[in-house]
Amino acid sequence: MRIPKPKLIHSLRAALVIGLFTTQNLSAAPQSIEFNRDIRPVLSQNCFACHGADSASRKGDLRLDRFEDATASRKDSSPAIVPGKPDSSELIRRILTTDEDDVMPPVKSHKTLTAEQKQLLQQWIADGANYQAHWALLAPQRPELPKVKDKKWAKNPIDTFVLARLEQENLKPASQADRRTLARRVSLDLTGLPPTIGEVDNFVKDKSPDAYEKFVDLKLASQQWGEHRGRYWLDAARYGDTHGIHIDNFREIWSYRDWVIKAFNRNQPFDQFTIEQLAGDLLPKPTLDQEIATGFNRCNITTSEGGAIDEEYLVLYARDRTETTSAVWLGLTTGCAVCHDHKFDPISQKEFYSLSAFFNNTTQKAMDGNVQNTPPIVTVPKEEDRLKWESFAQR
């Protein structure tokens, strides 16, 4: 929820582009082999279908997606991978052999490794066969800035990465956008709306060295900042103004939507943003706003269809909250662990249901009754009536 510094706002788009560039692309200097970048794609495309996480399709009781399995002793052969010793590794023997009965990938798979890929695997094992966790589970580290020729052009680290790729392709950076174009871009990025004519005219006339920063601050201070950024959050929170299935009756939950917008506009710290949505009603003497924040847990679809089984839907509601919370805050697709230990993310089935037990403690009924305000509810008065409402509640 912390807003980026104004000087970096204009490079947010460029930041997305950086993900397309590998270190290898940005520098001609020799570098070590990296599992996620260089090896995992080769194994994933050619080997994991038979020697990966899926036990049902696994061949030869061999897994190559985990170090401990790939390097384990085997009864009928040497280990698939012997770190530091490619000549002793069964994997290397099998990819280099010309025997069609032994070669890997098998002839019938219609997959082949290029000479470069074979050499890459040999060098990787010779270097120690270092594995990495999935990139999404690695703590980000700030990379070294690539060397560039036009050092004066880059105004920040992101510019340096962009310029390095441009120079690699023998391209020149585009010229600086004019003030009117820049104002439009910034406004659309930060608020989703074009700037007003007056705002553009003021920006064009402002000759101060921090004119751009002041224009960014103007947009960050607008109501539309929270509305624009909040809509992305509401998508993740599966917000909707109806129950979602069956009769799909109107759902009066817009107070939660407004709370999200206000949270962005007041730049609420992310830890508090998290606590209030997941357990605002459990805080000591929760405020009305903190209770409203827990609307996050009431955004799941509900039903009142005849023939629906209460226990089944209570389980579905708990599952929905668990999967949504995991996706939003952990960035993990824990849904696979509903049926089995996750094949790719480090989530066990036991862990999934341990987490879902938290969301199973609710007084919400399984059937929504086809009414707009399904209990339990909290009454939310208008802003101007809040004090009067609270005084009545104390009597």
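**Figure 1. Helix H9 and its buried residues.** In this predicted model, helix H9 buries Asp159, Thr160, Phe161, Val162, Leu163, Ala164, Leu166 and Glu167. Buried here means under 20% relative accessible area, exposed means over 50%, and partly exposed is anything in between (1.4 Å probe, protein chains only). H9 covers residues 157–168, twelve residues in total, and helices are DSSP runs of H or I with at least four residues, strands being E runs of at least two, numbered from the N terminus. From first C-alpha to last, H9 reaches 17 Å, close to the 16 Å expected at 1.5 Å a residue; that expected span is 1.5 Å times one less than the number of residues. Residues are numbered from 1 along each chain as its sequence is written, and side-chain values use heavy atoms, with hydrogens and water left out. Since this is a predicted model, local features need pLDDT of at least 70 and side-chain atom pairs count only at pLDDT 80 or more, while totals for chains, interfaces and linings use all residues.

**Figure 2. The two ends of H9.** At the N-terminal end, asparagine 156 acts as the cap, with a side-chain oxygen 3.1 Å from the backbone nitrogen of isoleucine 158. Just after the helix comes asparagine 170, with a positive phi of about 60° despite not being a glycine. Asparagine 170 sits in the loop between H9 and H10 and, at 71% relative accessibility, counts as exposed.

**Figure 3. Another positive phi, at aspartate 248.** Here, too, the residue is something other than glycine, and phi is near 60°. Aspartate 248 belongs to the loop between H13 and H14. Its relative accessibility is 32%, so it counts as partly exposed.

**Figure 4. The largest nonpolar core and tryptophan 233.** This core has 30 residues, and those with the most contacts inside it are Val186, Phe203, Trp233, Tyr256, Trp259, Val260 and Phe296. A nonpolar core is a set of buried Ala, Val, Leu, Ile, Met, Phe, Trp, Tyr and Cys residues joined through side-chain atoms within 4.5 Å. Two or more residues each come from helices H10 (179–191), H11 (197–205), H12 (211–220), H13 (223–236), H14 (254–265), H15 (270–279) and H16 (288–293). A second, separate core of 20 residues includes Ile39, Ala70, Ile92 and Leu121. Back at tryptophan 233, the residues it touches are Tyr256, Val260, Phe264, Phe270, Phe273, Gln277, Phe296, Val328 and Trp329, leaving out residues up to four places away in sequence. Contact means heavy atoms within 4.5 Å.

**Figure 5. Serine 255 and aspartate 258 on helix H14.** Serine 255 lies in H14 and is buried, with a relative accessible area of 18%. Setting aside residues up to four places away in sequence, serine 255 touches Ile292 and Val380. Aspartate 258 is also found in helix H14, but it is partly exposed at 23% relative accessible area. Its side chain makes a polar contact of 3.2 Å with the side chain of arginine 257. A polar contact is a pair of N or O atoms within 3.5 Å; within protein, one must be able to donate a hydrogen and the other to accept it, and residues adjacent in sequence count only if both atoms are side-chain atoms. The C-alpha atoms of aspartate 258 and alanine 293 are 9.6 Å apart, with their positions 35 residues apart along the chain.

**Figure 6. Leucine 137 meets a distant stretch of sequence.** Leucine 137 is in the loop between H8 and H9 and counts as partly exposed at 37% relative accessibility. Beyond residues up to four places away in sequence, it touches Leu332 and Pro346. Leucine 137 and proline 346 are 209 residues apart in sequence, yet their C-alpha atoms are 9.3 Å apart in space.

**Figure 7. Cis peptide bonds in two loops.** One cis bond runs from methionine 104 to proline 105, with omega near -5°. Proline 105 lies in the loop between helix H7 (90–96) and helix H8 (115–126). Another cis bond joins proline 375 and proline 376, where omega is about 0°. Proline 376 is in the loop between helix H18 (349–359) and helix H19 (386–393).
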